[in-house]
Amino acid sequence: MHIPFSLPVIDADVIHEVNDCLTNTGWLTTGPKVRQLEEEFKKLTGVEAALCVNSWTSGAMLMLRWFDIGPGDEVIIPAYTYSATALCAMNIGAIPVMVDVKDDFNIDVEKIRAAITPRTKAIMPVDIGGYPCDYDEIMALVNEPSVRAMFQPATDRQKVLGRPLVLVDAAHSIGATYKGRPAGTLADVSIFSLHSVKNVTTGEGGCICLSLPHPFDNKAEYQFLKAFALNGQNKSAFEKNQAGGWRYDIIAQGLKVNMPDICAAIGLAQIRKYASELLPERKRIFEQYNAAFSKHDWAILPPYRNAIKESCGHLYLLRIAGVDEEQRDEIIRLISETGVGVNVHYIPMAMLTLFKEKGYRISDYPNTYKLYANEISLPIYNGLTEDKVAYVIDAVVGSYEAVGCFPIAIGIGG
Ligand SMILES: *Cc1c(COP(=O)(O)O)cnc(C)c1O
């Protein structure tokens with residue numbers, strides 16, 4: 001049996017919606033489908049304003065620029081994440097300051113505290129696998145008088161906020177909740193990724209959810225950002241196409257990162273049934289894995305839900321107690337031989353060439369290394385049937401047993 005690691009939802013509803021875009025609206029770039037998709041994100045999360053862009057990465061660059069972050073400024077990020085979390089800051093000249101994570105894969109709030117300097121302009125927590133970070137603690141930290149006093153605002157927006165911006169890398173967390181509140185609303189700004197491997201996809205894309213505190217006006221900021229994401233042009237091609245709409249202005253030095261309608265159509269069909277169908281199916285898969293692996297004392301289950309948090313099950317981050325990197329790689333090799341696609345989330349940035357060259361050292365992030373060294377991500381996506389999940393479970397158990405790491409598996413793990 002061949003079970004790929006990830007597959008997007010391309011069903012009759014998606015095809016219908018894309019067909020509608022091509023044959024009825026005839027509109028390819030940003031237009032009615034994008035605005036409908038934004039409305040769906042507002043409905044799903046309850047935010048006042050949601051702006052769709054062409055990727056998470058470009059959306060993050062846009063929002064860091066919106067907050068006037070640039071050369072010399074520091075952005076605190078977890079050491080355990082996909083590289084885009086760092087690159088969005090580096091590509092506007094800012095410095096990503098990496099801090100270690102806790103055993104739930106998410107950023108350690110005490111490590112954030114220790115990393116804050118007068119140059120800190122933003123903090124980017126990442127909801128790894130769709131499991132929310134400690135938002136009450138993070139928001140309390142940035143609002144502490146000593147943190148506010150250290151903040152050195154250089155522009156009007158920075159003066160109004162008066163503290164570092166909390167910009168959530170919510171690439172994984174569409175549909176996750178924290179104290180019953182949906183991801184997208186848990187900090188100042190949250191950005192979902194709509195890349196092809198994510199829970200909801202537009203092929204490539206992202207959605208910026210605004211939850212800025214008073215006195216910011218989220219709807220007014222949305223109007224500005226719509227232009228800011230379109231070269232600073234205050235009218236989209238769609239608006240210019242309306243009768244008499246030819247005249248426009250360039251109101252700011254923006255980026256060109258708007259989402260095309262043809263892409264929005266794909267995500268629109270998915271998000272309409274996300275809460276009712278797609279997310280529950282994902283959770284069923286997650287729970288089938290949990291039920292099977294909880295019977296094995298070598299399996300460390302990924303964080304899923306507790307009294308305040310509930311994951312949206314973007315990734316199934318299985319860890320194998322007691323194995324080292326080499327044994328983990330061998331288990332992966334054996335799993336792959338059964339036709340099952342697995343992955344590792346993530347190779348820590350500090351182990352990748354670019355970041356090593358910039359002086360980041362994995363030895364500074366021991367917990368990140370510990371999580372990475374024995375982690376294997378299993379397939380989890382809509383359409384993965386109960387039989388296929390059972391096949392994956394057998395492949396993992398069989399491969400673990402074949403590698404024969406029993407002697408060290410118990411006691412040293414964790
Ligand atoms: C996918 C991903 C991104 C980047 O998303 P794009 O839409 O591809 O730019 C950023 N952060 C994390 C944690 C991701 O998994």
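Student: What covers the buried residues of helix H9 in this model?

Tutor: One reads the cover of a helix from the elements whose heavy atoms come within 4.5 Å of its buried residues. In this predicted model, the cover of the buried residues of H9 includes helix H2 (32-45), strand E1 (49-53) and helix H3 (56-66), together with helix H8 (156-161), strand E9 (206-210) and helix H10 (237-240).

Student: How many residues of H9 are buried, and which are they?

Tutor: A residue is taken as buried when its relative accessible area is under 20%. In helix H9 (residues 218-228), eight of the 11 residues are buried, so the helix is largely enclosed by the rest of the structure. The buried residues are Asn218, Glu221, Tyr222, Phe224, Leu225, Lys226, Ala227 and Phe228. At the start of H9, moreover, the backbone nitrogen of Lys219 has a side-chain oxygen of Asp217 within 3.0 Å.

Student: Which residues touch the most other members of the largest nonpolar core?

Tutor: A core of this kind is a set of buried nonpolar residues joined through side-chain atoms within 4.5 Å. Here the largest one has 49 residues, and Leu62 and Trp66 are those that touch the most other members. The elements that give two or more residues to this core are E1, H3, strand E2 (74-78), helix H4 (84-90), strand E5 (165-169), E8, E9 and H9, and H3 supplies the largest share, with seven residues. Because domain 1 (12-271) and domain 2 (276-403) both give residues to this core, it lies between them.

Student: Which residues does Leu62 touch, apart from those up to four places away in sequence?

Tutor: With those sequence neighbours set aside, Leu62 touches Leu51, Val53, Ile208, Leu225, Phe228, Ala229, Leu255 and Val257. A second, separate core has 46 residues, among them Leu37, Val97, Met139 and Val168.

Student: Is Ser190 buried or exposed, and where does it lie?

Tutor: Ser190 lies in strand E8 (residues 189-193) and is buried, with a relative accessible area of 1%. Leaving aside neighbours within four places in sequence, Ser190 is in contact with Val168, Ala170, Gly184, Thr185, Cys207, Ile208 and Cys209.

Student: Which strands stand at the edges of the open sheet of three strands?

Tutor: One reads the edges from the strand order, which here is E7-E6-E11, with antiparallel pairing. Strand E7 (181-182) and strand E11 (309-310) stand at the edges with a single partner strand each, so one side of each has no neighbour in the sheet. Strand E6 (residues 177-178) pairs with E7 in the antiparallel sense over two bridges, and Arg181 in E7 is the bridge partner of Tyr178.

Conventions: Residues numbered from 1 in each chain as written. Predicted model: local features only at pLDDT ≥ 70, side-chain atom pairs only at ≥ 80, totals over all residues. Heavy atoms only, no water. Buried < 20%, exposed > 50% of the residue type's maximum accessible area, 1.4 Å probe, protein only. Helix = DSSP H or I, 4+ residues; strand = E, 2+ residues; numbered from the N terminus. Polar contact = N/O pair within 3.5 Å; in protein donor to acceptor, adjacent residues only side chain to side chain. Pairing = 2+ DSSP bridges. Domains from an automatic or database assignment.
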